[in-house]
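Q: Could you take a close look at one helix for me, along with what packs around it and the charged pairs to be found in the structure?

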Amino acid sequence: MTSLVLLGSARAQNTYPLNNDPTVRDGFQHFYILDYDGAMQRFEAVQREHPQDPMAAGYILMDTIFRELYRQDLLDTTYYAHEHFLSSGHKSDIPEGVRKHVDDLTDRAISLADARIKANPSDKDAYFARGYAKGMHAAWMTLADHSFTGAARQGLSSRNDSEQVLKLDPNYADAKMAVGIQKFAVASLPRFVRILVGIAGIGGNKEEGLNLLRESAAHGTVTSVESQTALSLFLRHDQRYNEAYAVSQKLAQKYSHDFLFRLEEANLMKDAGHGPQAIAIYKAVLADSEKPGYFIEPRLQLAWFGLAETQRGQGLVQDAADSYSNAANQPNCSDWMRKRANLNAGMMLDKLGHRTEAIAQYEKAAAPGGDQTQADAARKYIRSPYSGN
């Protein structure tokens, strides 16, 4: 019994103390089923009790960022499996009030951590809280704004803070996530890109990064699930689909009411070339979405679009056209996703010889206002029918 108590105490000391607060843990459980509002209520309660704690601000920053990214249809990892998303031209329609709130929360968390580090340069928890906030802000800059230069520098700063934590406490598993992400990301970038974004000379190693993520996934307190998500994405990026699917499947089984984890199972089956299995999983997700309360505010357009892409790859042209149309018709669909779906629905309708219906879809994709990343292609197919795959 004594050894168990000592073990529990050791684990508690190897993470930020507030991470073990019952309300914080409850907040994360809501976060992991995409109940962002429920998580926010709990994190705000924690902040009221700990107004000067940088980690309390970090929880709210995290929830604010991912709630908005989800609302923008930007949390489907299919979009990030390849680097082309950085040059896609897509501009997120994020309200200025949300942007300011994210920046203010980031500044607040960093400022509170700075004050603690100034008072005690060996405060490992303050370094972790500062690195955590910087890491979240780097993710925001990458996914919301495609500001890769700024994100790379902020991510490097997050890594530096996390490396300082590990110098002070090598067993601080949560700090390994930021280092692992950076090591993999830097190793994945061509040398000239590293020069362009100002991180030339920074060390990177894919396998070291993946191993650090595995350690954080296995032993982290607030980075375990996030590390598994990053691990799956990176393995998918390198086309190590079986390994990625094993990670994703565990998350989907543990958090079966998390729409994104369930969706990722299907995405990985699709990318691995297992079309029929992927179609079955997409349809299972869509069937579960019809059960009252099963998912919280599911973005069904992501599932319909993934299903359409898979059906298209299997030569099921009519089914793909219908699924693209279903994606476009979801009431909470972002303008960006809707126009992508309209364009692709038109392409499938052209293949079926339904020219009038295809043009109607292209006209929606090329409509003025909002996202314009599909407009040129749509106008091209209005002039001449699509004839590709």
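What follows is a walk around one helix, its neighbours and some salt bridges.

A: Happy to help. This is a predicted model, in which local features need pLDDT of at least 70 and side-chain atom pairs count only at pLDDT 80 or more, while totals for chains, interfaces and linings use all residues. Residues are numbered from 1 along each chain as its sequence is written, and side-chain values use heavy atoms, with hydrogens and water left out.

Let's start with helix α12, residues 241–254. Helices here are DSSP runs (H or I, at least four residues), numbered from the N terminus. The 14 residues of α12 reach 20 Å from first C-alpha to last, close to the 20 Å expected; the expected span is 1.5 Å times one less than the number of residues.

Which residues of α12 are buried? They are Tyr-241, Ala-244, Tyr-245, Val-247, Ser-248, Leu-251 and Ala-252. Seen down the axis of α12, these fall within an arc of 165 degrees, so they line one face of the helix; the arc is that of the directions from the helix axis to the C-beta atoms. On the other side of α12, Asn-242, Lys-250, Gln-253 and Lys-254 are exposed. Buried means under 20% relative accessible area, exposed over 50%, and partly exposed in between (1.4 Å probe, protein chains only).

The cover over the buried residues of α12 includes α11 (224–237), α13 (259–271) and α14 (275–289), where contact means heavy atoms within 4.5 Å. Turning to α14, its buried residues include Ala-278, Ile-279, Ile-281 and Tyr-282. The buried residues of α14 pack against α12, α13 and α15 (300–313).

Just before α12 there is a charged pair to look at. Asp-238, in the loop between α11 and α12, and Lys-206, in helix α10 (residues 206–219), tie together parts that are 32 residues apart in sequence. Their side chains meet in a salt bridge (3.1 Å, N to O), meaning a side-chain nitrogen of Lys or Arg within 4 Å of a carboxyl oxygen of Asp or Glu. Asp-238 counts as partly exposed at 24% relative accessibility, and Lys-206 does too at 27%.

A search of the whole structure finds 28 salt bridges. One of them joins Asp-161 to Arg-130, with the closest N and O atoms 2.7 Å apart. Asp-161 is buried at 4% relative accessibility, and Arg-130 is buried with a relative accessible area of 15%. Asp-114, Arg-130, Lys-134 and Asp-161 are linked in a network of salt bridges.

Technical notes. Helix = DSSP H or I, 4+ residues; strand = E, 2+ residues; numbered from the N terminus.
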